[in-house]
Structures are given as C-alpha cells and as structure tokens.
Amino acid sequence: MTDPISDMLTRIRNAVTAKRTRVDLPASKLKAEIARILQDEGYIQGFSLVEEPALKAGHHARQLIRLFLKYGPRGEKVISGIERISRPGRRVYLGVDDVPTVLGGLGTAILTTSRGVMTGRAARKAGVGGEVLCNVW
C-alpha cells in the first residue's frame, strides 16, 4: 500500500455510506492522531487500539485502530464528506496565512505541522503552517 492515510479515509467513507457502527484499520501513530482529531471535533464517537490475534503460528498479532462512527438522531451522517488533499504524488504544504477554512468554517482541515497533527483552526492560532493531510465536513 502506497498511501495508508488515503486507505484510512476510504475505509471511513465506505463505512459511513454502509451505515456501519465501527470500522477497523491497521494502526499507526499518524492514523491514531487523525482519529484523535476526528473525536475531538465530534465526527466520531471514539476510537480504541485493538490487538488482533495472530492467525497462524509464528505470525505476530496486528495492532488495529477501531473507530466508532457517529450518526444523528435520525441516522443522518455526521461525516458527509472526507477527502485527501496531500498525496504521496503531490504534497501540499501551506504557510500559516494560507491554511484553508473548509466549507466556510463548517468543516475541518487536518494538518501535520512541526508541532504535531492539528486542525487548521489550531494551526492558525499557533501560527504554524504544514502539510494538509485531509478535509472533513
């Protein structure tokens, strides 16, 4: 797999479309940080790190991130859109003055900065730019 973040976003998008309550994905520190931001911003109910047992003898157990998706009272999607911005083939770096607002402030941009992974709003407040990973709305 060349782009694990894109894979994560696609799994979330597919799970929301299929009205799943949870989605499992291979764990990494960056994905855990993205999940933390999605939780802090209210897009998901929560997430946990899960150890998947080894299927065969001699294999290692895999770490998974289990996201618990969130829906409105009538089953409406909380995440109506999620898109990858910076890809391995085309990196997108922005300075603090160029950090985007998503849907006029209704959505959230997730950036990786020199001070860690944060939302576009937090990056502007901290006065740092960085690589725009994705937009969520």
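**Notes on a predicted model**

1. Let's start with strand 6, residues 108-113, which is mostly covered: of its six residues, five are buried. Keep in mind as you look around that this is a predicted model.

2. Which strands does strand 6 pair with? On one hand there is strand 8 (residues 130-136), joined to strand 6 by six bridges, and the two run antiparallel. If you want a spot to click on, try A109, whose bridge partner in strand 8 is N135.

3. Strand 6 also pairs with strand 7 (residues 116-119), again in the antiparallel sense, over four bridges. Here T112 has V117 of strand 7 as its bridge partner. Strands 6 and 7 form a hairpin, with two residues between them.

4. Now go back towards the start of the chain and find the open sheet of three strands. Its order is 1-3-2, and the pairing is antiparallel. Strand 1 (22-26) and strand 2 (44-52) are at the edges; each has a single partner strand, so one side of each has no neighbour in the sheet. From one strand to the next, the twist averages 25°.

5. How many bridges hold strand 2 and strand 3 together in that sheet? There are eight, linking strand 2 to strand 3 (residues 62-69) in the antiparallel sense. One pair to look for is I44, which stands opposite L69 in strand 3.

6. Two helices go with this sheet. Helix 1 (residues 4-17) lies across strand 1 and strand 3, and runs at about 165° to strand 1. Helix 2 (residues 29-40) packs on the sheet too, touching strand 1, strand 2 and strand 3, and its direction makes about 155° with that of strand 2.

7. Helix 2 deserves a second look. With twelve residues, helix 2 reaches 16 Å from its first C-alpha to its last, close to the 16 Å expected at 1.5 Å a residue.

8. Which residues of helix 2 are buried? They are K31, A32, I34, A35, I37 and L38. To read that list, it helps to know that an α-helix has 3.6 residues a turn, so residues three or four places apart point the same way. Try that on the buried residues K31, I34 and L38 of helix 2.

9. One last detail: just after helix 2 comes G42, which takes a positive phi of about 85°.

Terms used: Residues are numbered from 1 along each chain as its sequence is written. This is a predicted model: local features need pLDDT of at least 70, side-chain atom pairs count only at pLDDT 80 or more; totals for chains, interfaces and linings use all residues. Side-chain values use heavy atoms; hydrogens and water are left out. Two strands pair if DSSP finds at least two bridges between them. Axes are lines fitted to C-alpha atoms, for helices over the stretch in contact, and angles run from 0 to 180 degrees between N-to-C directions. Contact means heavy atoms within 4.5 Å. Buried means under 20% relative accessible area, exposed over 50%, partly exposed in between (1.4 Å probe, protein chains only). The expected span of a helix is 1.5 Å times one less than its number of residues.
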